[in-house]
Amino acid sequence: MNYLRVVVVVLLLGPYLILLGRGASGTQISARGVINLAHRQSAWTPILQTSANLSDIRSIRSFFEFRTLDPEGAIFYGDTKDGKDWFVLSLRDGIPEMQIGKADILVSIKGGRRLNDGAWHLLELRSEGKFVVLEVNSNPELVVGLHSELTEEELTGKIRLGLGGMLVDKQKLFNPFQPDIDACVRGGQWLNLSTLWDTDPTWDPRPCFSEIKRGSYFPGTGMVTFNTSDLPGFKTEEAGITIQIIGSWTGTLLSLQSTDFEYILGELDGHTDVKEVQLGLKEGSETAALPREPAALTFTILKHSLVVNSKPVLETESLDFFSMWKKGMLLTFGGVPGDSEAAKRSNHLRGCLEKILVQEQVIDLDQALYKHTTVSSHSCPTEAMNELA
């Protein structure tokens, strides 16, 4: 039997290790159906929360099906004593990771198979005495042994549970991670609880795609914005800064903005037969036609010029794009931020961007300055764009 066994000195935190659950305000729903863990504004707040009296807990086993292509994010959380003792299950590099906090003791353990392969996996968590066991598809993947020389006190009061986030400050984590996760769960059985769960008011509950592939899906209603100062810069002036995009789309692909500059690559005024470049400068503007719906596009930023698929679209000695990039411009995928005329004329991107690279580094949309709740960071539907489960 191949699984990871780890023994650490820490007090067993109790049955909440295998739960999900309740919390703040919002609509109440069941946590047994299909739930999309993405599409919310508050990264750390669980999308679903519930709580129960520990005296009502009769089962120490929970199971649910889980599917994702995302390598990192929070799956579920539990705590007692108003967050003094807590537990969180997450993914890191696609591999399950458990972190536990008890008094001044922190534990972080990672192991098992990668789960971010786009397939549905049956996850079961249960307590076996002083061991917490994670099974994937009926095979033990992660076994954590917890033991303390201290007298174990009887747990009383409430247990709080959360799905897709945490209820304690992220500063308590032993090993910080990115909480946003583009994933779905279904068929959950959370101990013996049958209560409704409270939803995060910022959560935009959306159906899960029936089949998924890698990429970032834009449904035609939102955009994602980065500050270029947070992205890789140029290595040599000759090579410049390259943005490579592979995929299929309609609408506005990207825009680049600073105080006195605006560049738009995409469709304006509903014209879907031609992709345009709109350059908005203080001294004027110009447009350039691009090939229709390219499978791959390379946008290169040089010191005094912009190039699309090896074709110069702007040359100006009055602007130093390298300095502007380093100082910070807004690089937006899927639309044009603000209320300018160009923003009003632009159409949001609809389609699947299978890969976005800046300086040959894959960009994670979860790291963006702003991401609209309708955008899926790591998954696209495999068939028609509107195919939903």
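**A chat about a strand-rich model**

Author: Happy to walk through this one with you: the protein chain has two helices and 31 strands. Keep in mind that this is a predicted model.

Reader: Thanks! How much of the protein chain is buried?

Author: Buried residues account for 53% of its 389 residues.

Reader: And the accessible surface, what does that come to?

Author: About 17000 Å² for the protein chain, and carbon and sulfur atoms hold 49% of that.

Reader: What share of the contacts with a separation of 6 or more is between residues 24 or more positions apart?

Author: In the protein chain, that share is 74%.

Reader: OK, on to the sheets. Which strands make up the open sheet of eight, and in what order?

Author: The order is E2-E15-E4-E13-E6-E7-E8-E9, with antiparallel pairing. Strand E2 (28-29) and strand E9 (105-110) are at the edges with a single partner strand each, so each has one side without a neighbour in the sheet.

Reader: Nice. What holds paired strands together in general?

Author: Strands of a sheet pair through backbone hydrogen bonds, in either a parallel or an antiparallel way.

Reader: Back to the E2 edge, then. How many bridges does E2 have with E15?

Author: Two bridges, in the antiparallel sense. One residue to look at there is Gln28, whose bridge partner in E15 is Asp198.

Reader: And further in, how do E4 and E13 pair?

Author: Strand E4 (residues 48-53) and strand E13 (residues 158-163) are antiparallel, with six bridges between them. For a landmark, Asn53 has Lys158 in E13 as its bridge partner.

Reader: What about E6, how many bridges join that strand to E13?

Author: Five bridges join strand E6 (residues 73-80) to E13, and the two run antiparallel. Opposite Asp79 you will find Arg160 in E13.

Reader: Changing topic: how many disulfides are there?

Author: Two disulfides, going by sulfur atoms within 2.5 Å. Counting bonded cysteines along the chain, the pattern is 1-2, 3-4.

Reader: Which cysteines form the one with sulfur atoms 2.0 Å apart?

Author: That is Cys184 with Cys208. Cys184 sits in strand E14 (residues 183-190), while Cys208 is in the loop between strand E15 (197-199) and strand E16 (212-214). The pair links distant parts of the chain, 24 residues apart.

Reader: Left-handed or right-handed, that link of Cys184 and Cys208?

Author: Left-handed, with -110° about the S-S bond. Both Cys184 and Cys208 are buried.

Reader: And what does Cys352 bond to?

Author: Cys352 is joined to Cys380 by a disulfide, at 2.2 Å from S to S. Cys352 is in strand E28 (residues 350-358) and Cys380 in strand E31 (residues 379-381), so the pair ties together parts 28 residues apart in sequence.

Reader: Which handedness has the link of Cys352 and Cys380?

Author: This link is right-handed, with 90° about the S-S bond. Cys352 and Cys380 are both buried.

Reader: Last thing, pockets. How much space lies in the largest pocket?

Author: About 290 Å³. The largest pocket is lined by 15 residues, and those closest to its centre are Gly215, Glu354, Val362, Ser377 and His378.

Reader: Which element gives the largest share of that lining?

Author: E28, with four residues. You met E28 a moment ago as the strand that holds Cys352.

Reader: Great, thanks for the tour!

How values were computed:
Residues numbered from 1 in each chain as written. Predicted model: local features only at pLDDT ≥ 70, side-chain atom pairs only at ≥ 80, totals over all residues. Heavy atoms only, no water. Buried < 20%, exposed > 50% of the residue type's maximum accessible area, 1.4 Å probe, protein only. Contact = heavy atoms within 4.5 Å. Areas by Shrake-Rupley, 256 points an atom, 1.4 Å probe, with all protein chains shown as cover. Pairing = 2+ DSSP bridges. 1 Å grid on protein atoms, 1.4 Å probe; cavity = no way out; pocket = protein on both sides within 12 Å on 5 of 7 lines; lining within 4 Å. Points joined across faces, edges and corners; volume = space filled by probe spheres on them.
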